[in-house]
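Trainee: I have a new structure open and would like to learn how to read it. Could you walk me through it?

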Amino acid sequence: MNEPMKIQRRPKGKATLVIFCCALLAASACKTPAARAESGTERFDSRMQPILRSYLKVGDALAADSVDGVRAEAERINKLAAKLDPSSVMGEHASHYEDLPAKLESASASLTKSKTLGEARATYKKLSMPMGMWASMSKPKGVNVVYCPMAEASWLQEEGAIRNPYYGSSMLRCGQVVKGE
C-alpha cells in the first residue's frame, strides 16, 4: 500500500541542456502579442533610421534653397526603402506600416528625377506624407512634425528653429510644430 517515495534525480549533461532549451522556447512562446508586435515594430523603426537621416538632409538642403545632394539622398532613400519589410509589424498600426515601403520608394524615385528646386519641393511633399505618418506612430526622438499652412504640407525636422523646406529663405520660419517637443 505504502510505496516508498522515489527520489528523482536531476538530469545531467545533454538532458539538462535539452530541458533548459525547452524552457527558453516555452518562455519565448508565452510573450504577449503586444510584446511580439513591439519587437517587430522596433525592428522596422530601426531600419527607418538611415532613411530618416537622408530625409532630414533633403529637407535641410531645400530649406537652404538648394538641391545640392538631394538626388543622392533620394537615391539612398529609394534603395533603403526597397529593403524594408513591414511583415513583422503587428498590432494596431500594422496596416499603416504595410504601404510605407512602396510609398517611400515611389516618392523618392520621383525626387531623384526633379530638375529644379520647385520640382524637388513639390516631390518632397509626397515623400513627407509617408514619413510623417511613420513619425506620428514611431515618435523618433529629437524629431518634430511641422506643418506649414501656406504650403498645406507637413515635414519632419530635428528639434529647434523651424526651417521650412517648401519656401526656404522667403518664409523660412513659416510653420508650426504639430507633433514633438
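## A guided first look

Mentor: Gladly! Of the 181 residues of the protein, 36% count as buried. Keep in mind that this is a predicted model.

Trainee: How many helices and strands does the protein have?

Mentor: The secondary structure comes to six helices and three strands. Following the sequence, you meet them in the pattern α-α-α-α-α-α-β-β-β.

Trainee: What share of the contacts between residues at least 6 apart in sequence join residues at least 24 apart?

Mentor: That share is 61% in this protein. As for the outside, the accessible surface comes to about 11,400 Å², and 56% of that belongs to carbon and sulfur atoms.

Trainee: Let's go inside. Which residues touch the most other members of the largest nonpolar core?

Mentor: The general idea comes first: in soluble globular proteins, nonpolar side chains tend to be buried together. Here the largest nonpolar core has 39 residues, and those touching the most other members are Y55, L104, M131, W134 and L156. At least two core residues come from each of α2, α3, α4 (94-98), α5 (100-112), α6, β1 and β2 (153-158). The largest share, nine residues, is supplied by α2.

Trainee: What does Y55 touch, leaving out residues up to four places away in sequence?

Mentor: With those left out, Y55 touches I77, Y124, L127, S128, M131, W155 and L156. M131 and L156 also appear among the core residues that touch the most other members.

Trainee: Now a helix, please. How far apart should the ends of α5 be?

Mentor: At 1.5 Å a residue, the 13 residues of α5 should span 18 Å, and the C-alpha atoms at its ends are 18 Å apart, which agrees.

Trainee: And which residues of α5 are buried?

Mentor: The buried ones are L100, P101, L104, A107, S108, L111 and T112. These residues cover an arc of only 140° around the axis, so they lie on the same side of α5. The general idea helps here: an α-helix has 3.6 residues a turn, so residues three or four places apart point the same way.

Trainee: On to the strands. Is β1 largely enclosed or open?

Mentor: β1 is largely enclosed by the rest of the structure, because five of its six residues are buried. In general, side chains in a regular strand alternate between the two faces of the sheet.

Trainee: In which sense do β1 and β2 pair, and over how many bridges?

Mentor: β1 and β2 are antiparallel, paired over six bridges. One place to look is C148, whose bridge partner in β2 is A153. β1 also pairs with strand β3 (residues 176-179), again in the antiparallel sense, over three bridges. For that pairing, find V146 and its bridge partner in β3, V177.

Trainee: What lies between the strands of the β1 and β2 hairpin?

Mentor: Four residues lie between these strands, and in this hairpin E152 takes a positive phi near 55°.

Trainee: Where else can I find a positive phi in a residue other than glycine?

Mentor: Try D65, with phi near 60°, and K139, with phi near 50°. D65 is in the loop between α2 (33-63) and α3 (70-82), while K139 is in the loop between α6 (117-138) and β1 (143-148).

Trainee: How are D65 and K139 classed by accessibility, and why?

Mentor: D65 has a relative accessible area of 33%, so D65 is partly exposed. K139 counts as exposed because its relative accessibility is 60%, and the cut-off for exposed is over 50%.

Definitions and conventions. Residues are numbered from 1 along each chain as its sequence is written. This is a predicted model: local features need pLDDT of at least 70, side-chain atom pairs count only at pLDDT 80 or more; totals for chains, interfaces and linings use all residues. Side-chain values use heavy atoms; hydrogens and water are left out. Buried means under 20% relative accessible area, exposed over 50%, partly exposed in between (1.4 Å probe, protein chains only). A nonpolar core is a set of buried Ala, Val, Leu, Ile, Met, Phe, Trp, Tyr and Cys residues joined through side-chain atoms within 4.5 Å. Contact means heavy atoms within 4.5 Å. The expected span of a helix is 1.5 Å times one less than its number of residues. The arc is that of the directions from the helix axis to the C-beta atoms. Two strands pair if DSSP finds at least two bridges between them. Accessible areas come from the Shrake-Rupley method with a 1.4 Å probe; for residues, only the protein chains shown count as cover.
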